[in-house]
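Open your viewer and get ready to select residues by number. We'll hop from one spot to the next and see what sits there.

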Amino acid sequence: MTTFDIGETDFLLDGRPFRVLSGAIHYFRVHPQLWRDRIRKARQMGLNTVETYIAWNAHSPQRGVFHTDGGLDLGRFLDTVAEEGMYAFVRPGPYICAEWDNGGLPAWLFRDAATGIRRHEPQYLDAIAEYYGQLGPILAPRQVDSGGPVILVQVENEYGAYGADRDYLQALTDLTRKAGITVPLTTVDQPVDHMLRNGSLPGLHKTASFGSRSVERLATLRAHQPTGPLMCAEFWDGWFDHWGEHHHTTPVAEAAADLDALLSTGASVNIYMFHGGTNFGFTNGANDKGTYQPIVTSYDYDAPLDEAGDPTAKYWAFREVIARHTEVPPAPSAAPPA
């Protein structure tokens, strides 16, 4: 049986130090016929893990309904990750943000104004229990200790930027374990003291989200996570676009230098995004901080793979950086793999 644990300074795969080199690919933003191509290109860039959110509202448009067919076949996606020789880092939320409609929360949650979102409230927790009950049979048998690819599962998402309800986080942790999840559980927050303090619990492994000043921000994380592996669970290599704005890009050399600085500390990473994909239909989210700003249909994100799935200059720069720290496989060919 394969084991995956959190050690004093490292992640441990079968007891040996293992650095998570992950890239984000959201299965619900990529046509299922293209999943294998995108996953294989992640491996060819030098990554060993694929991260995905789970979009609760996409699976459950009505209460009591849970779709797992076509582009929502999470099991098939994770099986493809395994077939390509990769591990998986899964982030089920229930709130995922992700510039996705309603942050992944189903609209039917809001029919009753008494339902308390993202806090310890019975109606909300009952709905989450149903959601996790559907995920358990998909995720549990695909964990690494059962021969599958899943090595990490996240609890909530940047919760310290929203609240500080420890009873809620504990309830989510308990529901996650009840669903059969045995691998290490993580949280992620921006490396700001109050966010790291409020967004996690003892027993949940803290990670950080940032896109620059890697060494400084990992030091802040270390102050809140004295032992165990350091990990940036969202290394922002680009950004999303609002309607009416220019397309956001980040300088390739700067992004690569920050990634190199991060890896030089020995930390693990999840590149957000490796491949952004597309907000199909009306799944794009919106921000409202005094001004309503809807997200565009494209989720290109200026990622190493563009929206069409083609390697960009950032792909080759990141591959070169990763090659300084570990062995990388042969580069992808010009034509998509079969």
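Let's start with a word you'll need all along: a residue is buried if its relative accessible area is under 20%, exposed if over 50%, and partly exposed in between (1.4 Å probe, protein chains only). This is a predicted model, where local features need pLDDT of at least 70, side-chain atom pairs count only at pLDDT 80 or more, and totals for chains, interfaces and linings use all residues. Residues are numbered from 1 along each chain as its sequence is written, and side-chain values use heavy atoms, with hydrogens and water left out.

**Stop 1: ring pairs**

Select tryptophan 35 and phenylalanine 77, which are both buried. Their ring centres are 5.3 Å apart and the planes sit at 85°, so this pair is edge-to-face. Rings of Phe, Tyr and Trp (its six-membered ring) pair if their centres lie within 6.5 Å; planes under 30 degrees apart count as stacked, over 60 as edge-to-face and the rest as tilted. Tryptophan 35 belongs to helix 1 and phenylalanine 77 to helix 3, 42 residues apart. (Helices, H or I with at least four residues, and strands, E with at least two, are DSSP runs numbered from the N terminus.)

How many aromatic pairs does the structure hold? There are 23. For another one, pick phenylalanine 4 and phenylalanine 18: with centres 6.0 Å apart and planes at 80°, they are edge-to-face too. Now show Tyr53, Trp236, Trp239, Phe240, Tyr272, Tyr299 and Tyr301, a cluster linked by ring pairs.

**Stop 2: a charge over a ring**

Keep tyrosine 299 and add arginine 29, whose charged end sits over that ring, 3.7 Å from its centre. This label needs NZ of Lys or CZ of Arg within 6 Å of the ring centre and within 35 degrees of the ring normal. Next, find arginine 118 over the face of tyrosine 162, 4.4 Å from the ring centre.

**Stop 3: salt bridges**

Stay on arginine 118 and add glutamate 156: their side chains meet in a salt bridge at 2.7 Å, N to O. A salt bridge is a side-chain nitrogen of Lys or Arg within 4 Å of a carboxyl oxygen of Asp or Glu. Arginine 118 and glutamate 156 are both buried.

Move on to glutamate 84 and arginine 43, a salt bridge with its closest N and O atoms 3.5 Å apart. Glutamate 84 is buried at 6% relative accessible area, whereas arginine 43 is partly exposed at 26%.

The whole structure has 15 salt bridges. To finish, select Arg36, Arg40, Arg43, Glu83 and Glu84, joined into one network by salt bridges that share partners.
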